[in-house]
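Please look through the sequence and the model below before reading on. The report that follows takes up a few features one at a time.

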Amino acid sequence: MKYITDEEDYTSDELITFVIQTNQRSSQPITILAGFAYENINYVFTIEYHQLKIIFSQDKLPDLILTSKNDSGPINDGQWHRLYVQRLNHTLRFILDNIEESTLNLTNEWQTTPNIFIGSELTPVPNNDYIGKIGDIVVSNAGRSLILREENHSDENAKDLSTTTQSNSSQTVTFLPNDNQEVSLSLPTNSSLRSLAFVFQTYSNISTLLHSDDIDINIDIDGHLTLAVRNHPLQRILSSDEQNPINDGHLYFIRFELFNQTLRVWLNINKIVSIELSSPLIIESLIFGWHNDFLGCIQNVTYNDQLFLFEHIPFHRQHCSSNNIRLKSLHDVYTDQIIAFEEYDRPVVVILDQSEQFYSFSFSFYTQESDGIICSLTDTTYENLILISVRQQRLVITSINQYLERMEISMNQTIDDRIEHELIIRLIHKDHLLFQLDNVQIVRKFVSLFYIHTIYMGQLDGFIKEKYYDLDGEDFLGCIKDILLNDKSVIKREHIYRSSRLGDTCRLTKRGRKNFISYMSSEISFSVRDDHDIVEVEIPFNEEFYHCQLSIKTRSSDGILLSLHSDDDYTFVFYLNRGQLVWKYHSYDNTISEILFQDNQTINDGRQHDLFISRQISKLTSYKNIYIEIDERASQISLPSSSLLFFDVLTVGGSRRGTST
């Protein structure tokens, strides 16, 4: 028997995966599967001395050999094992049961032409020397699963395994954000479950993967699978690493087997759940994506070892691509709309409730500007950071770690072309990061991985600017969408100042010409006889507050020195009360009024006193803290509200808003 795949184009990412189960022992090599790809590339999966070996060969070139590690254990132990072989750009990887076994970098001889390594033809057990099971074969090209068809020698045309003669039948069904209707498979009448298996991938949580009369498989709020069987207690189905959820967009294989009234469940071949049943499970139908909450894809559903097809599936739902199933929340907590960044717009700032270890960060963007700060990722102390910016029409990624080691990557393509570009930064090994802009990929060793606390989009975070002034640049003008940290949405509507910035299309604007008129005065005098002495300055509402300073000379015992006003958040008022400085906070709706600081010394002696208010990063304190310093006497203040401070108006010598003190 031989299978052939769809015609495919050369891409940077090819994958073949399948599962095997055998306890066959032999002193001779055993061939499980053989494949043929274009440009005369042949490959075989063999078992030699209880270990797996994959050999790629082409004409007279030296063979490429991938093997399992000596400490991986025998492959012929009677257990199910999943094999992955992937070509990612110029690297071949072999993964066994989710553990990377070996990696090869392709030599120049193998790269004289852009070859397709996986696909075209597959032949299971070509030498008829393998005794065991092979199942769940998936061949993908650039994340798209290829259809396997059985070659029919009696007919010039190949018969499609995943369809009969209808194009609306498929082994695969995808649940898209705009089309995720549940799909039902009808089973033979009164069929008792002996086995059930399928492959899935998703970025969803709080959704139902599979529903039947007696079995429900759900994804909980933390992204873990849960299993409910009849009246048995709900159980989590964990992968080999109990800390990792399954809504990471990776392929997972789940299998149920009923043996002597014991239901056994494997996830990625790891046996993890056993449930004792009192009677057989009679299942009439399987409903995938129940209640229309699931986003992702399902492939290769077998029931009692029979492959079932999804009928009447529209063509756009028959191909599983990770680009199609990126999480766009079905609820109103997160936004999947395009965010516009125009001149003087406030940055979009996300401060995580709990820091997350960095695994991946991705977004799509449009711009027509040749320079601009797109975003930064930082930890709580700002000792580790990743900065993404546009410089001279190209995307530049800068990272700095706690040892002050700096790495800079410039992607060699222009991006100020008004079209959509996608950036993906992903951890691919313990200490390597993949940087991918559209179809261009760069891999770099990354010594210091860190926990993300703050995402700052649209301009340079002021705390970074204070430490690394050379990184400063223009604010970003353009649009950003599909912002994912660790493959999960992080942008909520509350993070967007002015909801009019959200839309379904990108509105690009050009940067205006800047004209600056400035003056500096060493002293400003204030008279009690003239209210017009109050100085009022409008602040660009896209500038976050970091520090302010002024010097004071007065003999007055009372009066407002300085006030900072936000139209929709809060007001700070600094005033004298009996010669002592007082700092008061007012909420914009006047529901909260609180004294934040009161000095214990008088400063109305006619001498100069220096006042400095600043926000600083400390390893011991929160980002929300702020400091006030009077003549080198410093105090730390805790604010009653958000750690983001944006003001509209600054007044000196009085209060514009009429705030009482």
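## The disulfide

In this predicted model, Cys479 and Cys506 form a disulfide, with their sulfur atoms 2.1 Å apart. A search of the whole structure finds one disulfide, and this pair links distant parts of the chain, the two cysteines being 27 residues apart. Cys479 belongs to strand S39 (residues 478-485), whereas Cys506 sits in the loop between strand S41 (502-503) and strand S42 (535-538). The torsion about the S-S bond of Cys479 and Cys506 is about 90°, and the disulfide is therefore right-handed.

The two partners can also be described by how much of each is accessible. Cys479 has a relative accessibility of 0% and so counts as buried, while Cys506, at 24%, counts as partly exposed, because the cut-off for buried is under 20% and that for exposed is over 50%. Two further cysteines may be looked up in the model: Cys375 is buried, with a relative accessible area of 0%, and Cys548 is buried as well, with a relative accessible area of 14%.

## Strand S30 and its neighbour S39

Strand S39, which holds Cys479, pairs with S30 in the antiparallel sense over five bridges. Within this pairing, Ser362 has Leu484 of S39 as its bridge partner.

Strand S30 (residues 360-366) is largely enclosed by the rest of the structure, because seven of its seven residues are buried. Both of its faces are covered, with Ser360, Ser362, Ser364 and Tyr366 buried on one side, and Phe361, Phe363 and Phe365 buried on the other.

## Strands S4, S5 and S6

Strand S5 (residues 51-58) has six of its eight residues buried, so it too is largely enclosed by the rest of the structure. Strand S4 (residues 41-48) is joined to S5 by eight bridges, and the two run antiparallel; in this pairing, Val44 has Ile55 of S5 as its bridge partner. The hairpin of S4 and S5 has two residues between the strands, and Tyr49 there takes a positive phi near 50°.

S5 also pairs with strand S6 (residues 64-67), again in the antiparallel sense, over four bridges, and Phe56 stands opposite Leu64 in S6. S5 and S6 form a hairpin with five residues between them, and in its turn Asp59 has a positive phi of about 45°.

## A histidine in strand S46

His586 lies in strand S46 (residues 580-587). With a relative accessibility of 5%, His586 counts as buried, and its side chain is joined to that of Ser593 by a polar contact of 3.3 Å.

## The protein as a whole

The secondary structure of the protein comes to one helix and 51 strands, and 52% of its 661 residues count as buried. Among contacts between residues at least 6 apart in sequence, 65% join residues at least 24 apart. The accessible surface comes to about 31900 Å², of which 45% belongs to carbon and sulfur atoms.

## Confidence in the model

The mean pLDDT of the protein is 80, and 82% of its residues reach 70 or more. Over residues 322-332, however, the pLDDT is below 50, although this stretch has 37 contacts in the model beyond near neighbours in sequence. Residues 515-520 also have a pLDDT below 50, and beyond near neighbours in sequence that stretch has zero contacts in the model.

Definitions and conventions
Residues numbered from 1 in each chain as written. Heavy atoms only, no water. Buried < 20%, exposed > 50% of the residue type's maximum accessible area, 1.4 Å probe, protein only. Contact = heavy atoms within 4.5 Å. Areas by Shrake-Rupley, 256 points an atom, 1.4 Å probe, with all protein chains shown as cover. Disulfide = S-S within 2.5 Å. Pairing = 2+ DSSP bridges. pLDDT = per-residue confidence, 0-100. Polar contact = N/O pair within 3.5 Å; in protein donor to acceptor, adjacent residues only side chain to side chain.
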